[in-house]
Structure formats: C-alpha cells, structure tokens
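Open the model in your viewer and keep the sequence panel beside it. Each stop below gives a selection and then what is there.

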Amino acid sequence: MIVSYSRRIVNQAGNGHYSPVSAYHGGEDMALILDVAQHKYPFHWLPGKVLWEAMNELDGGTREKRGFE
C-alpha cells in the first residue's frame, strides 16, 4: 500500500510525501513506513493515529486530503 501523507505532521522536514507501507502491527497500531528517501529518513514505525492525521491534512495545491481520493 502506498500512502500520501504530510511529513510536517510526523515531525520531518518538508511536507507532502509518498511512501509504501510494508507492515502493520495490530496489537500496537503501528505502520512500518519504507521511506523512499532513505538518504533523509530510514524505515520507521508510525502510530496509526499519527499516520491517519498526516494523511488527513489538506494538500496546499489541491485543497484535498492527502491520503484519499
């Protein structure tokens, strides 16, 4: 699964970003993000709530939520 999310919400530099999610841990509600910009950020786990918030932020150009069509 590919997610479109706001880096700003997850305390990273920049804003809009696409990355694949490679795993989900239901017991901990965490998603493993395989960041495609590994030179900036290694693979990392994000809490489900934080990822949801980052996907729900409005894109500045389209004024639509990042993670949904």
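**Stop 1: strand β4**

Select H44, W45, L46 and P47. This is β4, and it has two faces. H44 and L46 lie on the covered face. W45 and P47 lie on the uncovered one. Bear in mind that this is a predicted model.

Now add β3, residues 30-33. β3 and β4 pair antiparallel, with four bridges between them. For a landmark, find M30: it stands opposite P47 in β4.

**Stop 2: the whole chain**

Zoom out and colour by secondary structure. The chain has one helix and four strands. Traced along the sequence, the order is β-β-β-β-α.

How does the radius of gyration compare with that of a compact globule of 69 residues? The chain has 11 Å, and a compact globule of this length would have a value near 11 Å, so the two agree. Along the principal axes, the C-alpha atoms fill a box of roughly 35 × 25 × 20 Å.

Switch on the surface. About 4500 Å² is exposed, and carbon and sulfur atoms supply 56% of that area. Of the 69 residues, 35% are buried. Contacts between residues at least 6 apart in sequence include a long-range share: 28% of them join residues at least 24 apart.

**Stop 3: strand β1 and its partner**

Select residues 2-6, which form β1. Four of its five residues are buried, so β1 is largely enclosed by the rest of the structure.

Which strand does β1 pair with? Add residues 16-25, strand β2. Five bridges join β1 and β2, and the two run antiparallel. To check the register, pick V3: S19 in β2 stands opposite.

**Stop 4: helix α1**

Move to residues 48-56, helix α1. Its buried residues are L51, A54, M55 and N56. What covers them? The cover includes β1, β3 and β4. Show those strands together with the helix to see it.

**Stop 5: I33**

Centre on I33, in strand β3. Its relative accessible area is 0%, so I33 counts as buried. Show its neighbours beyond four places in sequence. I33 touches V3, Y5, S19, P20, V21, F43, H44, L46 and L51.

Then draw a distance to I2. The two residues are 31 apart along the chain, yet their C-alpha atoms are separated by 9.3 Å.

**Stop 6: the nonpolar core**

Stay centred on I33 and widen the selection to V3, Y5, V10, V21, A31, I33, L46, L51, A54 and M55. These 10 residues make up the largest nonpolar core. β1, β3 and α1 each supply at least two of its residues. Helix α1 gives the most, with three. Colour the set by element of secondary structure to separate the contributions.

**Stop 7: Q12**

Leave the core and go to Q12, in the loop between β1 and β2. Is Q12 buried or exposed? The relative accessible area is 12%, so Q12 is buried.

Display side chains here. Q12 makes two side-chain polar contacts to look for: one of 2.6 Å with R7, and one of 3.5 Å with H44. H44 was on the covered face of β4 at the start of the tour. Beyond four places in sequence, Q12 touches Y5, R7, D35, Y41 and H44.

**Stop 8: D35**

From Q12, step across to D35, one of the residues Q12 touches. D35 is in the loop between β3 and β4. Its relative accessibility is 1%, so D35 counts as buried.

Which side chains make polar contacts with that of D35? Turn on R7: the contact is 3.1 Å. Then turn on H17: here the contact is 3.0 Å. R7 thus ties to two stops on this tour, with a side-chain polar contact to Q12 and another to D35.

Now show all the neighbours of D35 beyond four places in sequence. They are Y5, R7, Q12, H17, S19, Y41, P42, F43 and H44. Several have already come up on the tour, including S19, which stands opposite V3 across the β1 and β2 pair.

**Last view**

Keep Q12, D35, R7, H17 and H44 as sticks. The polar contacts to display are Q12 with R7, Q12 with H44, D35 with R7 and D35 with H17. Then bring back I33 and the rest of the 10-residue core.

Key:
Residues numbered from 1 in each chain as written. Predicted model: local features only at pLDDT ≥ 70, side-chain atom pairs only at ≥ 80, totals over all residues. Heavy atoms only, no water. Buried < 20%, exposed > 50% of the residue type's maximum accessible area, 1.4 Å probe, protein only. Contact = heavy atoms within 4.5 Å. Pairing = 2+ DSSP bridges. Polar contact = N/O pair within 3.5 Å; in protein donor to acceptor, adjacent residues only side chain to side chain. Rg over C-alpha atoms; globule rule 2.2 N^0.38 Å. Areas by Shrake-Rupley, 256 points an atom, 1.4 Å probe, with all protein chains shown as cover. Core = buried A, V, L, I, M, F, W, Y, C linked by side-chain atoms within 4.5 Å.
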